[in-house]
Amino acid sequence: MKKRILSGMRPTGKMHLGHLHGALSNWKRLQEDYECFYFIADWHALTSEYANTGIIKDSIDDIIIDWVSVGLDPEISTFFIQSHIKEHAELHLIFSMITPLSWLERNPTYKEQLKELTQKDLYTYGFLGYPVLQAADILMYKANGVPVGEDQAPHVEMTREIARRFNHLYKEVFPVPDVLLAPTSKILGLDRRKMSKSYGNAIFLTDTDDDITSKTGQMITDPQRARKSDPGDPDICNVFSFHEIYTPEDTVKQIEKDCRKAAIGCVDCKKIMAKNLCSALSPIREKRKELESDISRVKDIIDQGNKRAEIIAQQTMAEVKEAVKI
Ligand code: TRP
Ligand code: SF4
């Protein structure tokens with residue numbers, strides 16, 4: 001029997017290349033070897049977007065469309081929406097009774113977000129409990145592994161502690177899940193910071209060829225290379241990292257050589273990259289168009305996934321209630 005994995009995304013806007021190379025291509029690979037549950041964490045989105053909830057509902061169909069467009073297969077994997085499976089709230093409540101406050105206050109992601117997202121008031125009960133809800137998501141399906149980026153590893157660590165504590169207090173109900181760290185992606189934003197919608201440095205899966213060409217034009221290259229006659233260093237050039245993903249290998253080798261001896265200018269080099277990026281994204285956009293004109297298929301995918309998820313969630317909650325004797 002295949003091992004089970006589960007991962008989720010918060011619906012807080014459009015998907016970009018950071019999502020594609022950071023998470024989705026990894027999720028896609030894992031589909032072959034694991035039984036996969038992928039879900040939209042809309043309650044988690046509420047922890048920070050509670051004053052701006054429109055974006056949550058608006059992003060849900062879009063994200064499912066993106067998942068299918070990049071090659072996640074709803075026939076093989078289960079896609080569902082967190083808030084449709086009410087059991088997540090119930091398990092979150094039970095876990096909240098056994099999770100020490102000190103674990104939550106020590107959580108590095110919590111401390112960091114409070115410092116960074118200063119425009120939002122995040123001193124809420126729900127936001128502090130973010131990892132408790134995440135533990136409920138994961139343990140509900142008795143996932144053996146959780147594919148996430150490094151930033152989420154502390155949350156999975158806390159999930160492991162909550163599972164052990166529950167098993168110790170009541171009864172061995174939950175397997176202790178492993179973190180499956182996604183291979184780190186070399187994709188950065190246009191300005192070489194982490195790609196993020198809020199930094200305005202993202203290339204979205206929905207961008208047109210013109211958007212892509214003009215965004216590529218803004219990309220920072222080797223900052224030491226002031227003139228076209230100066231040799232460049234591809235190792236520190238963001239455009240070159242994109243070439244390594246989107247450009248055929250022999251061309252990449254040629255560009256590397258030419259860049260180092262100033263035989264190619266950045267403008268031309270970017271044009272080649274933009275063209276290859278456009279052709280890589282074009283089948284994804286085609287697929288997206290197809291689904292956008294068939295929203296009932298998207299609804300069906302969600303309904304089917306929710307049904308599969310619900311059956312497991314109900315079984316787990318029955319075991320939980322029996323263990324807790326409530
Ligand atoms: N916290 C995750 C993120 O921001 C999203 C998430 C919610 C999640 N529940 C999860 C990821 C369970 C993995 C497993 O990316
Ligand atoms: Fe980067 Fe290409 Fe310019 Fe070299 S030629 S610095 S690889 S954009």
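**Close-up 1. The second largest cavity and its lining in the predicted model.** In this predicted model, the second largest cavity has N107, T109, Y110, Q113, F127, Y130, P131 and H155 as its lining residues. Its volume comes to about 70 Å³. Two helices each contribute at least two lining residues here, namely α6 (108–116) and α8. Of these, α6 gives the most, with 3 residues. Sorted by class, the lining is made up of 4 nonpolar and 4 polar residues, with no charged residues. Keep an eye on Y130, because we will meet this residue again in the next view: Y130 lines the second largest cavity and is also among the closest residues to ligand 1.**Close-up 2. The shell around ligand 1.** Welcome to the surroundings of ligand 1, where 14 residues form the shell and R10, Y130, Q134, D137 and Q152 are the closest. Which elements each supply at least two residues of this shell? They are β1 (4–9), α8 (130–140) and β4 (145–148). The largest share comes from α8, with 4 residues. By class, the shell holds 7 nonpolar, 5 polar and 2 charged residues.

**Close-up 3. Polar side-chain atoms beside ligand 1.** Moving in on individual atoms, three side chains are worth a look. The side chain of Y130 has an N or O atom 2.7 Å from a nitrogen atom of ligand 1. From Q152, a polar side-chain atom lies 2.9 Å from a nitrogen atom of ligand 1. R10 places a polar side-chain atom 3.1 Å from an oxygen atom of the ligand. How much of ligand 1 does the protein bury? Taken alone, the ligand exposes 370 Å², and 92% of that is buried by the protein.

**Close-up 4. The largest cavity.** The structure holds 2 cavities of 30 Å³ or more, and the largest of them has a volume of about 120 Å³. Its lining counts 16 residues, with R225, C237, C259, C266 and C269 closest to the centre. Three helices give two or more residues each to this lining: α11 (238–246), α12 (249–260) and α13 (266–292). The lining divides by class into 9 nonpolar, 3 polar and 4 charged residues.

**Close-up 5. Ligand 2 and its neighbours.** Where does ligand 2 sit? Its place is in the largest cavity. The residues surrounding ligand 2 are T221, D222, R225, C237, V239, F240, C259, I264, C266 and C269. At least two residues of this shell come from each of α11 and α13. The shell comprises 7 nonpolar residues, 1 polar residue and 2 charged residues. A friendly pointer for comparing this view with the previous one: R225, C237, C259, C266 and C269 surround ligand 2 and are also the lining residues closest to the centre of the largest cavity.

**Close-up 6. The second largest pocket.** For the last view, we turn to a pocket. About 320 Å³ of space lies in the second largest pocket. Which of its 15 lining residues lie nearest the centre? H92, S96, Y125, G126 and G129 do. Several helices each supply at least two residues of the lining: α2 (42–49), α4 (87–98), α5 (101–106), α7 (125–128) and α8. By class, the pocket lining has 9 nonpolar and 6 polar residues, and no charged residues. Helix α8 links several of these close-ups, as α8 supplies at least two residues to the lining of this pocket, at least two to the lining of the second largest cavity and 4 to the shell around ligand 1.

Definitions and conventions. Residues numbered from 1 in each chain as written. Chains lettered and ligands numbered in written order. Predicted model: local features only at pLDDT ≥ 70, side-chain atom pairs only at ≥ 80, totals over all residues. Heavy atoms only, no water. Near = heavy atom within 4 Å. Polar contact = N/O pair within 3.5 Å; in protein donor to acceptor, adjacent residues only side chain to side chain. Areas by Shrake-Rupley, 256 points an atom, 1.4 Å probe, with all protein chains shown as cover. Nonpolar A, V, L, I, M, F, W, Y, C, P; charged D, E, K, R; others polar. 1 Å grid on protein atoms, 1.4 Å probe; cavity = no way out; pocket = protein on both sides within 12 Å on 5 of 7 lines; lining within 4 Å. Points joined across faces, edges and corners; volume = space filled by probe spheres on them. Sits in = over half its atoms within 2 Å of the grid points.
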